[in-house]
Number of protein chains: 2
Amino acid sequence: MQAQLIALDWGTTSLRAYKLAAGGQVLEQRSLSSGIMQLPCVPRMIAGRMCADGFELAFEEACGDWLDAQPELAVIACGMVGSAQGWREAAYCDTPANVANLGTSLNRVRSLRGVDVHIVPGVIQRSRLPNVMRGEETQVLGVLQSLPASAGDNLLIGLPGSHSKWVEVADGCIIHFDTFMTGELFAVLSEHSILGRTQERGAAFDSDAFDRGVQVALSTDGDIGPLSTVFSARSLGLTGELSPTEQTDYLSGLLIGHELVALAGVQRLRRNSASLPSIILIGNSQLCARYRRALDACGFARVSLAEQATERGLWHLAEAAGLLG
Amino acid sequence: MQAQLIALDWGTTSLRAYKLAAGGQVLEQRSLSSGIMQLPCVPRMIAGRMCADGFELAFEEACGDWLDAQPELAVIACGMVGSAQGWREAAYCDTPANVANLGTSLNRVRSLRGVDVHIVPGVIQRSRLPNVMRGEETQVLGVLQSLPASAGDNLLIGLPGSHSKWVEVADGCIIHFDTFMTGELFAVLSEHSILGRTQERGAAFDSDAFDRGVQVALSTDGDIGPLSTVFSARSLGLTGELSPTEQTDYLSGLLIGHELVALAGVQRLRRNSASLPSIILIGNSQLCARYRRALDACGFARVSLAEQATERGLWHLAEAAGLLG
């Protein structure tokens with residue numbers, strides 16, 4: 001089957017490359033660790049010239065041989081590659097954002113080998129506390145393509161990660177989203193705060209400890225908020241009620257629980273309804289499994305997982321941009 | 001005037017020594033950086049023997065000359081020196097805790113020079129999410145000694161710090177307290193998260209940026225909680241609405257604001273009253289000034305600062321323990 005598009009999901013710490021055929025079918029895919037914060041640095045010959053540029057080197061690694069074989073293939077990329085620290089900054093598009101207006105706002109960088117890389121802009125929501133995403137917009141649009149247009153009314157798309165995003169959609173558009181720094185907060189607390197000193201990490205997932213953390217966030221004890229309850233990961237250790245191996249997943253459940261309690265609160269308020277929306281999760285399967293447990297405990301009754309969101313989103317954006325011959 | 005007591009406030013990163021006369025009057029005081037996590041390590045002669053023990057060395061530095069001059073002086077110490085990582089662990093006393101029951105629960109370590117050091121235990125509250133303090137109990141008891149016994153009914157004592165404590169008192173007793181990890185969270189977010197990358201630190205206190213952060217926590221935008229609002233320290237930077245020099249104090253105000261909004265909520269609930277208690281703050285004057293601004297914004301109308309809380313508390317505990325000749 002003939003390839004029609006090279007699609008790159010180029011984030012901070014990883015670079016995924018997809019060779020796609022008609023309809024977005026995946027012919028081949030690769031995972032590299034060449035995110036924009038850890039680009040390769042060993043110079044090599046590219047198009048007859050010695051090159052030391054990290055973006056060029058990563059691009060060659062990811063798909064140089066595909067382009068050697070089919071030099072006319074279009075290339076599209078999303079993620080932090082379009083940030084101020086990326087290969088070429090692609091200015092944010094405002095909400096509401098859909099495939100049509102993002103697809104016609106791609107930025108372009110000409111690579112050394114003469115191929116244009118089309119970069120998807122991120123999305124900005126200019127609320128009083130602004131919100132931005134870069135990469136997640138492509139995943140959300142990928143999921144929306146496979147849903148009926150009416151699906152958005154009672155739907156929330158969740159993208160767990162260092163900075164989790166919760167995206168409201170309508171008529172194929174991203175209309176509103178919230179960010180929670182839960183993942184990064186968990187990491188810095190575990191690695192750099194006093195809570196990490198008594199944690200024993202590396203064990204298998206302790207679902208009981210995780211669920212216990214979620215329940216604390218949901219309980220009246222949790223009403224005092226995460227700035228206070230996080231101390232219980234230490235104090236329950238001091239009283240012997242939480243072992244060192246349990247502390248990590250307890251803290252994880254506690255923070256994710258607080259995120260979801262807050263999310264449920266704002267969703268009920270915005271929708272002026274006691275019932276909560278359906279959820280579609282996109283992301284790392286282990287992290288999505290944690291969120292799924294916690295969502296269930298927090299009363300989100302309908303939760304499903306999306307597959308291949310990024311490559312589908314990139315395919316549809318390339319189509320909207322007229323890149324597919 | 002004759003000294004009657006040596007009082008040590010011995011924490012994680014500092015050691016303060018006081019020589020006290022009748023009534024707790026301070027004759028002399030010293031500040032050393034020999035907290036229990038940064039003890040001296042150069043061996044020296046103590047009582048005719050070469051010694052490399054960090055606690056002994058710090059103790060000699062702090063008050064060896066005072067004891068040479070008056071070998072019979074009693075010595076009392078509070079703070080992390082009584083923790084599991086300290087010189088001698090002094091088991092926590094349960095709430096309710098007052099001068100009498102803490103004063104009769106001192107632990108004792110015999111120093112190399114033959115002088116006993118009496119260590120004040122910390123306090124534990126065995127609630128569902130337990131709380132512990134070590135050092136703060138002495139400060140709170142020091143403040144209570146100068147107040148009428150009835151003062152506790154509508155009073156909350158605040159001890160801002162890495163882990164701030166908010167202490168409810170009655171009849172001279174510590175009866176309940178909450179911990180917030182606000183200070184440590186601010187530090188790890190500024191030093192180790194993405195928020196720190198765009199902060200420009202070291203400038204003078206920016207009260208406007210701080211107040212703006214407090215107001216966000218107080219606003220309906222703040223209802224989504226700190227796990228989400230902290231991202232605004234970055235996103236307001238991306239949109240040019242918050243300069244790099246403003247981001248640090250904005251984040252400080254935002255976190256302290258969330259702490260105080262949560263505190264006000266639980267206080268109103270526990271007291272079953274819309275009115276908020278009077279506040280006495282104990283601690284570092286710059287940090288107390290930040291909390292005072294934020295308390296005012298959050299509707300705490302009566303706020304005052306305590307002086308000499310630690311040395312007064314140590315004096316009264318020594319008295320209750322019968323250490324004062």
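**Symmetry**

I started with the two copies in this predicted model. I laid chain A on chain B and got an RMSD of 0.0 Å, with a turn of 180° and a shift of 0.0 Å along the axis. The two copies are thus related as by a two-fold rotation axis.

Which residue of chain A comes closest to the rotation axis? I found A:Val188, with its C-alpha at 3.2 Å.

I then checked whether the copies use matching surfaces. Of the interface residues of chain A, 100% are also interface residues in chain B, so the copies meet through the same surface.

**Domains**

I noted how chain A is divided. Domain 1 takes in 3-139 + 311-320. Domain 2 covers 179-305. I looked up the separation of their centres, taken over C-alpha atoms, and wrote down 33 Å for chain A.

**Interface: extent**

How many residues does each chain bring to the contact? I counted 47 residues from chain A and 47 residues from chain B. The area buried between chain A and chain B is about 3900 Å². Carbon and sulfur atoms give 74% of that area. I asked which residues of chain A lose the most area to chain B. They are A:Leu129, A:Leu227 and A:Phe231, which together make up 20% of what that side buries.

**Interface: polar links and make-up**

Next I went through the charged pairs. I have two salt bridges across the interface of chain A and chain B. I looked at one that joins the side chains of A:Arg128 and B:Asp221, at 2.7 Å from N to O. For polar contacts between chain A and chain B, I logged 11 residue pairs, both residues at pLDDT 80 or more.

I then mapped the side of chain A that touches chain B onto its elements. Each of these supplies at least two residues to that side: the strands β11 (131-133) and β14 (173-180), and the helices α4 (182-192), α5 (194-198), α7 (226-229), α8 (232-238) and α9 (244-271). By residue class, the side of chain A that touches chain B divides into 25 nonpolar, 13 polar and nine charged.

**Backbone notes**

I turned to the peptide bonds. In chain A, A:Thr95 and A:Pro96 are joined by a cis peptide bond, with omega about -10°. Where is A:Pro96 found? I placed A:Pro96 in the loop between β7 (93-94) and α2 (99-103) of chain A.

I looked up the peptide bond from B:Thr95 to B:Pro96 too. That bond is cis, and omega is near -5°. I found B:Pro96 in the loop between β7 (93-94) and α2 (99-103) of chain B.

One last entry concerns phi. A:Asp171 is not a glycine, yet I read a positive phi of about 50° for it. A:Asp171 lies in the loop between β13 (164-170) and β14 of chain A. I had already listed β14 among the elements that supply at least two residues to the side touching chain B.

Conventions. Residues numbered from 1 in each chain as written. Chains lettered and ligands numbered in written order. Predicted model: local features only at pLDDT ≥ 70, side-chain atom pairs only at ≥ 80, totals over all residues. Heavy atoms only, no water. Least-squares fit on C-alpha atoms with pLDDT ≥ 70 in both. Contact = heavy atoms within 4.5 Å. Domains from an automatic or database assignment. Buried area = accessible area lost by both parts, 1.4 Å probe. Salt bridge = Lys/Arg side-chain N within 4 Å of Asp/Glu carboxyl O. Polar contact = N/O pair within 3.5 Å; in protein donor to acceptor, adjacent residues only side chain to side chain. Helix = DSSP H or I, 4+ residues; strand = E, 2+ residues; numbered from the N terminus. Nonpolar A, V, L, I, M, F, W, Y, C, P; charged D, E, K, R; others polar.
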